[in-house]
Amino acid sequence: MSNSNKASMKKTTLGPSGIECSAIGLGTWAMGGWMWGGGDNAAAVLAIQASLDAGVTLIDTAPAYGLGRSESIVGTALKGRRHEAVIATKCGLVWHTQEGTHFFEEDGHPVYRYLGRESIIHEAEESLRRLQTDYIDLYITHWQDSTTPVEETMGTLLELKKQGKIRAIGVSNVSPETLAEYLRCGPVDAAQERYSLIDREIEQTLAPLCTEHNVAVLGYSSLALGLLAGPIDPERQFTGDDQRAANARFSTQNRAKLKAFFEELEPLRQHLECSFGQLMIAWTLARGSVSVALCGARVSKQAVENAAAGAVHLRDDALALIDAAAGQHLHALA
């Protein structure tokens, strides 16, 4: 990407923290390999570095993405460039203890939802080690834990913030009621939730509360696991542990609906001289419900293409056209 395109990247701030970052963030779940049919560490490192070169500063990761693999990849990729990145990582999905509530199995390890004080402190140290840094910009509770009071969890996060180990506090996969509990205990800088053209529930639920309290919203799965990146070949097979293999949204019937949707948007795509994926990312940002659109990538080409969506500007008539096409072709995908 040219320097002029890099300079055109939209910027935003993470709530009360005032931390500035790119409005397009790089999601690194797939880089961890788990539920994505494996991964390539070297290609992932290059993808992260290409994102930085393209103006993406927010790098989102988590311990659960490959049981530490994704965080380690991020740490390797940012050697000598830590100052260029805003690192978001998470806590609350643990395999070092069996406290909390069992959630799933990963690589033969039972993973629990747990946000107790000692566990968070342990997780933070492990993340700092894997990321090869002495601070985390945004520390997010990955999934919520019904066995630990929010006051204990938030108190621990505030403690880490006071120590300088984290700069900002976030929550993810949270109900408006639980977010309100966090807010009663201290400032929340960001909430990370699923949001895309076909996943718009937070517009009515969480987003209004976030707006009221100046909580930035990070929308994950902006391309709906790749479903909205463009037409999918009817013959394409998802193999191994790739979660899309068992996802009904990727059925042959749905691929036909998506084909019709993208055909309707083809004139707009050509006019804007962008890819379908860039068009969907631009829509996500233009709708105003999220501050950051998180987009996954495993190779440099994907990363650079996603970043370039920051230079795509949609007028009201384009937004209306996309919404109408989605209403006609994609309403049954949810």
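## Charge layout

The protein carries 30 positive and 40 negative charges, and the mean positions of the two sets lie 4 Å apart. This is a predicted model.

## Overall build

The chain holds 11 helices and 13 strands. Its radius of gyration is 19 Å, close to the 20 Å that the globule rule gives for 334 residues, so the protein is as compact as a globular protein of that length. The C-alpha trace spans about 55 × 40 × 40 Å along the principal axes.

Of the 334 residues, 55% count as buried. The accessible surface comes to about 13,900 Å². Carbon and sulfur atoms account for 50% of that surface. Contacts often bridge long stretches of chain: among those between residues at least 6 apart in sequence, 74% join residues at least 24 apart.

## A three-stranded sheet

Strands of a sheet pair through backbone hydrogen bonds, in parallel or antiparallel fashion. Here, three strands form an open sheet in the order β6-β8-β7, and the pairing is antiparallel. The edges are β6 (93-94) and β7 (101-106). Each has a single partner strand, so one side of each is left without a neighbour in the sheet.

How many bridges join β6 to β8? There are two, and β8 covers residues 109-113. Leu93 stands opposite Arg113 of β8. Val94 has Tyr112 of β8 as its bridge partner.

On the other flank, five bridges join β7 to β8, again in antiparallel fashion. Thr101 stands opposite Arg113 in β8. Arg113 thus has a residue of β6 opposite, Leu93, and a residue of β7 opposite, Thr101.

The β7 and β8 strands form a hairpin with two residues between them. Asp107 in this hairpin takes a positive phi near 55 degrees.

## Pro187 in its loop

Pro187 sits in the loop between α6 (176-185) and β11 (190-194). Is Pro187 buried, exposed or partly exposed? Its relative accessible area is 38%. Buried means under 20% and exposed means over 50%, with partly exposed in between, so Pro187 is partly exposed.

Leaving aside residues up to four places away in sequence, Pro187 touches Pro16, Met154, Leu158, Lys161 and Ile169. A separate pair gives a sense of distance: Pro187 and Gln253 are 66 residues apart in sequence, and their C-alpha atoms are 45 Å apart in space.

Terms used. Residues are numbered from 1 along each chain as its sequence is written. This is a predicted model: local features need pLDDT of at least 70, side-chain atom pairs count only at pLDDT 80 or more; totals for chains, interfaces and linings use all residues. Side-chain values use heavy atoms; hydrogens and water are left out. Helices (H or I, at least four residues) and strands (E, at least two) are DSSP runs, numbered from the N terminus. The radius of gyration is taken over C-alpha atoms; the globule rule is 2.2 Å times the number of residues to the power 0.38. Buried means under 20% relative accessible area, exposed over 50%, partly exposed in between (1.4 Å probe, protein chains only). Contact means heavy atoms within 4.5 Å. Accessible areas come from the Shrake-Rupley method with a 1.4 Å probe; for residues, only the protein chains shown count as cover. Lys and Arg count as positive and Asp and Glu as negative; His and the chain ends are not counted. The place of a charge is taken as NZ of Lys, CZ of Arg, CG of Asp or CD of Glu. Two strands pair if DSSP finds at least two bridges between them.
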